[in-house]
Amino acid sequence: MRILISNDDGYLAPGINALADALSSVADIVVVAPDSNRSGSSNSLSLDRPLAVQQAANGFYFVNGTPTDCVHVALTGIMGERPDLVVSGVNNGQNMGDDTLYSGTVAAATEAYLFGIPAIAFSQVMHGWLHVEDAARHARDIVLRQFDELDSPFLLNVNIPNLPYDQLGSIKATRLGRRHQAEPVIRTQDPRGRELFWIGAPGACRDAGEGTDFHATASGHTSITPLQVDLTHVAQLRRLQESFK
Ligand code: MN
């Protein structure tokens with residue numbers, strides 16, 4: 001099996017190093033990741049400049065671009081053969097509910113999915129890398145499980161509790177929950193008195209009921225959500241079609 005690994009925390013992040021270590025014993029891996037932390041970059045492509053690809057001493061490729069750039073360049077420029085699977089992460093912190101729209105971790109996987117390649121995004125529920133090697137080992141188990149019951153390509157979003165390996169393993173298939181709107185910006189000033197704004201924290205859970213990713217991880221389960229890219233609101237479409245008949 002040939003696996004492309006990317007992330008949004010950058011090629012030096014503990015999460016991608018742990019994931020590469022875990023998968024290198026079971027697959028031929030290629031790592032192509034951003035040169036710095038590009039969390040929150042969603043599906044952005046850099047169209048205003050060329051991208052430089054460098055290779056680190058450990059063999060990882062790093063790119064001065066977004067996670068989507070990395071997977072795009074890897075699939076169309078670096079890798080001779082298409083990978084069988086693309087994995088992203090392990091991210092430093094959860095990507096659940098509305099987070100999936102902003103996430104670079106999910107975006108890297110989505111880019112592969114748009115190229116017709118099955119892809120899995122992995123995130124740890126809490127920030128700080130607690131038990132990251134256990135999460136990577138658990139991610140390897142999920143990769144090895146195969147997903148023959150799904151149509152290919154599939155796009156899976158996986159959130160793993162920060163637990164030791166022997167306490168992981170209970171997996172729930174979930175839907176995305178929803179968050180409340182984000183917290184307000186945090187105001188600050190530069191040394192010359194100019195007002196600056198930090199983007200605030202994501203909102204708290206709003207829909208975190210049974211069956212959601214929030215609910216599963218809150219009770220110590222790993223959450224797996226199958227994603228799709230079509231954002232069409234079918235019910236609204238029907239109403240508009242009635243109006244514009
Ligand atoms: Mn990140």
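Serine 42 touches Thr68, Leu101, Tyr102, Ser103, Gly104 and Ala107, leaving aside residues up to four places away in sequence. Keep in mind that this is a predicted model. Besides that serine, there are two helix pairs to look at, H1 with H5 and H2 with H4, plus a stacked pair of rings.

**Around serine 42**

- You'll find serine 42 in the loop that runs between strand S2 (28-34) and strand S3 (53-55).
- Its side chain has a polar atom 2.9 Å from the backbone oxygen of leucine 101, and leucine 101 is also among the residues that serine 42 touches.
- Right next door, the side chains of serine 42 and asparagine 43 make a polar contact at 3.4 Å.
- Three of the residues that serine 42 touches, Thr68, Gly104 and Ala107, turn up again in the contact between H2 and H4.

**H2 against H4**

- Helix H2 (residues 67-78) and helix H4 (residues 104-114) cross at roughly 25 degrees, and their axes come within 8 Å.
- With angles under 35 degrees counted as roughly parallel, H2 and H4 are therefore roughly parallel to each other.
- As for handedness, the crossing of H2 and H4 is right-handed.
- On the H2 side, the contact is made by Pro67, Thr68, Val71, His72 and Leu75, while H4 brings Gly104, Ala107, Ala108, Glu111 and Ala112.
- Sorted by class, that contact of H2 with H4 comes to six nonpolar, three polar and one charged residues.

**H1 against H5**

- Helix H1 (residues 14-24) packs on helix H5 (residues 132-145) at an angle of about 45 degrees, and the axes are 8 Å apart.
- That angle makes H1 oblique to H5.
- Here, too, there's a right-handed crossing, this one of H1 and H5.
- H1 supplies Pro14, Gly15, Ala18, Leu19, Ala22 and Leu23, and these meet Val132, Glu133, Ala136, Arg137, Ala139, Arg140 and Val143 in H5.
- The class tally for H1 with H5 is nine nonpolar, one polar and three charged residues.

**Aromatic pairs**

- The structure holds two aromatic pairs.
- One of them is tyrosine 11 with phenylalanine 62, a stacked pair at 4.2 Å centre to centre with 5 degrees between the planes.
- Tyrosine 11 sits in the loop between strand S1 (2-6) and H1, and phenylalanine 62 belongs to strand S4 (residues 61-63), so the pair ties together parts that are 51 residues apart in sequence.

Notes
Residues are numbered from 1 along each chain as its sequence is written. This is a predicted model: local features need pLDDT of at least 70, side-chain atom pairs count only at pLDDT 80 or more; totals for chains, interfaces and linings use all residues. Side-chain values use heavy atoms; hydrogens and water are left out. Helices (H or I, at least four residues) and strands (E, at least two) are DSSP runs, numbered from the N terminus. A polar contact is a pair of N or O atoms within 3.5 Å; within protein, one must be able to donate a hydrogen and the other to accept it, and residues adjacent in sequence count only if both atoms are side-chain atoms. Contact means heavy atoms within 4.5 Å. Axes are lines fitted to C-alpha atoms, for helices over the stretch in contact, and angles run from 0 to 180 degrees between N-to-C directions. Angles under 35 degrees count as roughly parallel, over 145 as roughly antiparallel, 65 to 115 as roughly perpendicular and the rest as oblique. A crossing is left-handed if the near helix is turned anticlockwise from the far one by less than a right angle, and right-handed if clockwise. Ala, Val, Leu, Ile, Met, Phe, Trp, Tyr, Cys and Pro count as nonpolar, Asp, Glu, Lys and Arg as charged, and the others, Gly among them, as polar. Rings of Phe, Tyr and Trp (its six-membered ring) pair if their centres lie within 6.5 Å; planes under 30 degrees apart count as stacked, over 60 as edge-to-face and the rest as tilted.
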